[in-house]
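Student: I should like to learn how strands and helices are read in a protein model. May we work through an example together?

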Amino acid sequence: MDRIVVRGGGPLKGEIAISGAKNACLALMPATLLSDEPLTLTNAPRLSDIRTMSLLLESLGAEISTMQNGKVIAMSSHSAQNHIAKYDIVRKMRASNLVLGPLLARHGHAVVSLPGGCAIGARPMDLHVSALEAMGAQIELRDGYLHAQAPRGLRGAQIALRFASVGATENIVMAASLAKGVTVLSNAAREPEIVDLVECLRRMGAQIEGEGTDTITIQGVDRLHGATHPVIADRIETGTYMLAPAIAGGEVELIGGRMDLLGAFCEKLDACGIDVSETPKGLRVKRRNGRVDAVNVVTEVFPGFPTDLQAQIMAVMCTANGVSFLEERIFENRFMHAPELIRMGARIDVHGGVAKVTGVEKLRGAPVMATDLRASVSLILAALAAEGETVVSRVYHLDRGYERVVDKLRGVGARIERVKEDG
Ligand code: EPZ
């Protein structure tokens, strides 16, 4: 397994190009199952999760070709007749569950493995299942698979989500696009990736309103046609790289970064002493003083502070001026980066869903282990300003969600390299 070696250094300077959003692309790709005409995505990120989704869709019979070194993904499910999403692919990536709604809507049946838990939590699917049942599906859990039938097709329904689940919202919106009648989804997730999915479905002929608000109305249509759609910029990658100068100092420009996708996150940056300004090419980010100030964070659904940026801001708070309290309200086990940061000299006390971080002057480089996607990048952020060398192992977690992270950080002066592990 490869490792990433970082030597703490001085301030960063230069440009980082932001890629298309992983979590938008993973919802857009299953939309190909809704039509027998080609769906092409541009500005797609080159990530292992995207390759996993391609494998899953091909296992369902979709034809997928990529161009421009993976940045363009052309898909056709014209002859896709298989409706079984197998465990050996689904277990690698929870987002595989996003084929459930489209398969049901298009073919009237689907057999999708439950994803199983992952490092950050149990990841149940009760909200997906109960909503699809409200639309007329019969769904049974057997041998670890959801066996779903809708022999007479799906019908529109009034659905109120107990929790504004991103994946459940995406499955419901895709399924409802081809259902008979109108679906009104309340307490819908408002994330920008939902807005991007709806914009793509609308290009395919779907009739949907309210995306980005907590109530989405979908008027089902008989069929959807093909389309070409650009994947929205990755707000989590943007937020991650905004924190690089926060911890290491300097000033970077994030090309393609968008302030409007970052909700409460930007307010927090301002509060801890980071200046963010919009430029014609994206966002310029600069640390105001020699050290950021501690701030408290509570993770919430969009437009609140994103759970996917909690590990990264924790790394920054480790060398902040003061004490910060970070409360994780979305997932039950998303502090696995804390013990690794402690190995680097951080002072972190975790009690239940709250991490108390007492800022120290400097972290010290150490061998650390990546445990999940966002935890792994928080270790790299911490290493940028740590004294000495940090070696991050199990970097395959990083490859799931950060395209060319070593090149992008080297491009702004970080002393970082990837070491191929033999064997
Ligand atoms: C999406 O996951 C993202 N993944 C996650 O990003 C992100 O952390 C999450 O939304 C929250 O923003 C993709 O978009 C591919 P949820 P998703 O359904 O859809 C509970 C990353 O790092 N829940 O909003 O799975 C669930 O257990 C990944 O890029 C139920 O209880 O998230 C969790 O506690 C990690 N029942 C909470 O809701 C359900 O049926 C959030 O889940 C569904 C969810």
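Tutor: The discussion below takes up a hairpin, a sheet and two helix pairs.

Tutor: This is a predicted model, in which local features need pLDDT of at least 70, side-chain atom pairs count only at pLDDT 80 or more, and totals for chains, interfaces and linings use all residues. Residues are numbered from 1 along each chain as its sequence is written, and side-chain values use heavy atoms, with hydrogens and water left out.

Student: How do β4 and β5 pair, in the parallel or the antiparallel sense?

Tutor: Helices (H or I, at least four residues) and strands (E, at least two) are DSSP runs, numbered from the N terminus. Two strands pair if DSSP finds at least two bridges between them. Here β4 (residues 63–67) and β5 (residues 72–76) are antiparallel, with five bridges. The bridge partner of I64 is M75 in β5. Four residues lie between the two strands of this hairpin, and Q68 has a positive phi near 50 degrees.

Student: What is the strand order of the open sheet?

Tutor: The order of its four strands is β22-β23-β1-β24, and the pairing is mixed. The edge strands, β22 (367–369) and β24 (415–419), each pair on one side only. Within this sheet, β1 (residues 3–7) pairs with β23 (residues 389–393) in the antiparallel sense over four bridges. In that region R7 stands opposite E389 of β23.

Student: How should one describe two packed helices?

Tutor: The description uses the angle between their axes and the distance between the axes. Axes are lines fitted to C-alpha atoms, for helices over the stretch in contact, and angles run from 0 to 180 degrees between N-to-C directions. For α4 (residues 100–107) and α6 (residues 166–176), the angle is about 15 degrees and the axes are 7 Å apart. The helices α4 and α6 are therefore roughly parallel (angles under 35 degrees count as such).

Student: Which residues of α4 and α6 meet?

Tutor: Contact means heavy atoms within 4.5 Å. L100, G101, P102 and A105 of α4 meet N171, M174 and A175 of α6. By class, five are nonpolar, two polar and none charged; Ala, Val, Leu, Ile, Met, Phe, Trp, Tyr, Cys and Pro count as nonpolar, Asp, Glu, Lys and Arg as charged, and the others, Gly among them, as polar.

Student: At what angle do α10 and α12 cross?

Tutor: The axes of α10 (residues 310–317) and α12 cross at roughly 25 degrees and come within 8 Å. Therefore α10 and α12 are roughly parallel to each other.

Key
Parallel < 35°, antiparallel > 145°, perpendicular 65-115°, else oblique.
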